[in-house]
Amino acid sequence: METNLSRRGFLTGAAVTGALAAMGLAGCAPQVSAEGNAKAADTGAATSWRDKPEMPTEFIETVDADIVVVGAGNGGLVAATTAAQNGAKVVVLEKAGAIAAAREAIGALNSKLAPDHKVDVPTLLNHANMTQSGDANMLMYKTWAERSGEMIEWMADTLGPKGMLFPFEWHAPDDEHAYYPAMCYNPCIGEYNPDGPNYNAYAHLSVLSDVFTQDLGGEIRFECPAQQLIVDEAGKVTGVVAETEGGFIQVNAAKGVIVCTGGYGANNEMLADLAPGNSAWCALRDSVTETGDGIRMALWAGAELEAGGACMIWNRAILPDGFEFNEDRMGGDIFLPGSQPFLHVNVNGERFMNEDQCYPMSYAAGANQPRHYSWIVWDGNYWEDIAQFDTCGCSRLYPAPSGTAFNADVYDCEAMSKEHLDEFWLNPRLEAGTLKKADTLEALADLMEFDADQKATFLATVERYNGLVAAGEDTDFGKPAYRLSDVETAPFYAARIGGELLVTIHGVITDVNSQPLKGDGTVIEGLYVCGNDQGGFYPHNYPSNFTGINAGRVATFARIAAKHALGVA
Ligand SMILES: Cc1cc2nc3c(=O)[nH]c(=O)nc-3n(C[C@H](O)[C@H](O)[C@H](O)COP(=O)(O)OP(=O)(O)OC[C@H]3O[C@@H](n4cnc5c(N)ncnc54)[C@H](O)[C@@H]3O)c2cc1C
């Protein structure tokens, strides 16, 4: 079992300049280089993603299982372990050479692990409904709300004996309308320092995979991508065709196929077709092997795709001078401070939003401005400002009691001191020229390549913003007072901010058991679709004020699917 996942020696200080982006990762374990990432993306040049391939006629092997899981990731390994614990023979097919990267923040409500922190479910449902313009399936949210507590208790019961801890992040500003903090578990291994930094996160998936294979005798077949589902004459899914180096194999599933292939973030054709506006203004991309295979296979078997077309997008890509957005959504550099609610202006020097928003919404607001990015601007008091902002979840840069040390392994959260923030995030970008710094606002405006009119607008914008800060009320856009900070003390800083495409998050329509629905409202027997392939939650955007909600719903519905397939309560 791998217990030391720290990469401190690998990713520290100046050496990290662009390294995270160059590895095509941001908060996840390294998988391939940026070049590899771009190459791995399915450009779909030769064929439409909707076209079903011919069924192979020759197989080099036939495998029989009770449950076949497609994708050894955050959904797949939960489903596989749950099924194996209930006595099933389980085979997992994985396209890559290793399991997927673990997602650190797992959202679960009202569990026995945190008995003092309760969330009122109807209030949460109404808030979620608003974030999706009424298009999400509230039965799905309700099911997650009611069953995620059991999921995280199960995970703690399963992984606790292996040394995993489940610290609970409850810290958040006194801003009940903006955040739902009382729901997030950040598993780590060995020991946990509540004040951070911690360097032992990102372990729970590898430990889960050890439990599945070593303790429960489950099988994971790597570099074995599923190609299509086997469907009998009655329309029931009975197995999977997968490809190996030596040829095709047929894997029969007596009790169910559970598909969790992580969405279509690496499929340019699907992105252009399904999420064209939402994903276009990204300069980094994390998906590598997630080319929409699970969604495509489910559609070929008769499932329906929900309307919408949404991606999970961080406002954390810093753009170089002369940057042009491109189909591969690469060329930017990861910049965690991009999520701090500092002043943003557009390329004309105008302020255009309340900067205190969920990261996908802040990204979208900037993407809707001229040239599809925005400038983030701050002054020499940035460390005091960051302390005052007191952000939570994965945007937090300042130490806080019971705010778990997020992303410590990759981001090296010694950044939770000004010195380390400078060394780790700011100085390398100043050297690269992506972060601008000047002693006067006029000089900063010149570095931002503003013409005379834009410069005048920018200077007037800053003056007005400083006035709002002094008055303690944002009468222009309604940013909360504790998220306002003036831009008055030299030196001054600015950076272009675009999007980082993490994953796609709209998918196949299912019932609350994760069974896909056909157009006539009946389920496709024998098939379950979970993870980012599953719809119902985010047809329009990712409401990141529910910290960890996606990893939480992924695990919850994967567990539900496995139990339902086996007929256990
Ligand atoms: C950098 C990053 C950080 C994130 N952090 C968080 C977080 O902290 N909290 C949170 O709530 N959410 C987070 N998310 C979002 C989300 O929770 C994850 O995307 C989650 O991993 C989705 O689980 P999944 O099982 O659908 O996909 P994954 O975990 O990505 O697993 C999918 C697997 O399927 C495999 N696969 C693909 N096609 C095939 C095929 N044809 N055959 C076999 N295998 C296939 C892939 O190789 C992959 O291993 C993060 C996302 C990213 C990118």
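These legends walk through a few views of one predicted model.

**View 1. The whole chain at a glance.** Welcome: the chain holds 16 helices and 19 strands, where helices (H or I, at least four residues) and strands (E, at least two) are DSSP runs numbered from the N terminus. Of its 569 residues, 61% are buried, meaning under 20% relative accessible area with a 1.4 Å probe, protein chains only. About 20200 Å² of the chain is exposed, and carbon and sulfur atoms supply 49% of that area (Shrake-Rupley method, 1.4 Å probe). Among contacts (heavy atoms within 4.5 Å) between residues at least 6 apart in sequence, 74% join residues at least 24 apart.

**View 2. Helix 3, a mostly covered helix.** Helix 3 spans residues 76–85, and 9 of its 10 residues are buried. Among them are Gly76, Leu77, Val78 and Thr81. Look just past the end of helix 3 to find glycine 87, with a positive phi of about 90°.

**View 3. An open sheet of 3 strands.** Its order is 3-6-5, with antiparallel pairing; two strands pair if DSSP finds at least two bridges between them. Strand 3 (106–107) and strand 5 (168–169) are the edge strands, each pairing on one side only.

**View 4. Where strand 3 meets strand 6.** Strand 6 covers residues 184–185 and pairs with strand 3 in the antiparallel sense over 2 bridges. Here glycine 107 has cysteine 184 of strand 6 as its bridge partner. In general, strands of a sheet pair through backbone hydrogen bonds.

**Notes.** Residues are numbered from 1 along each chain as its sequence is written. Local features need pLDDT of at least 70 and side-chain atom pairs count only at pLDDT 80 or more, while totals for chains, interfaces and linings use all residues; side-chain values use heavy atoms, leaving out hydrogens and water.

Conventions:
Buried means under 20% relative accessible area, exposed over 50%, partly exposed in between (1.4 Å probe, protein chains only).
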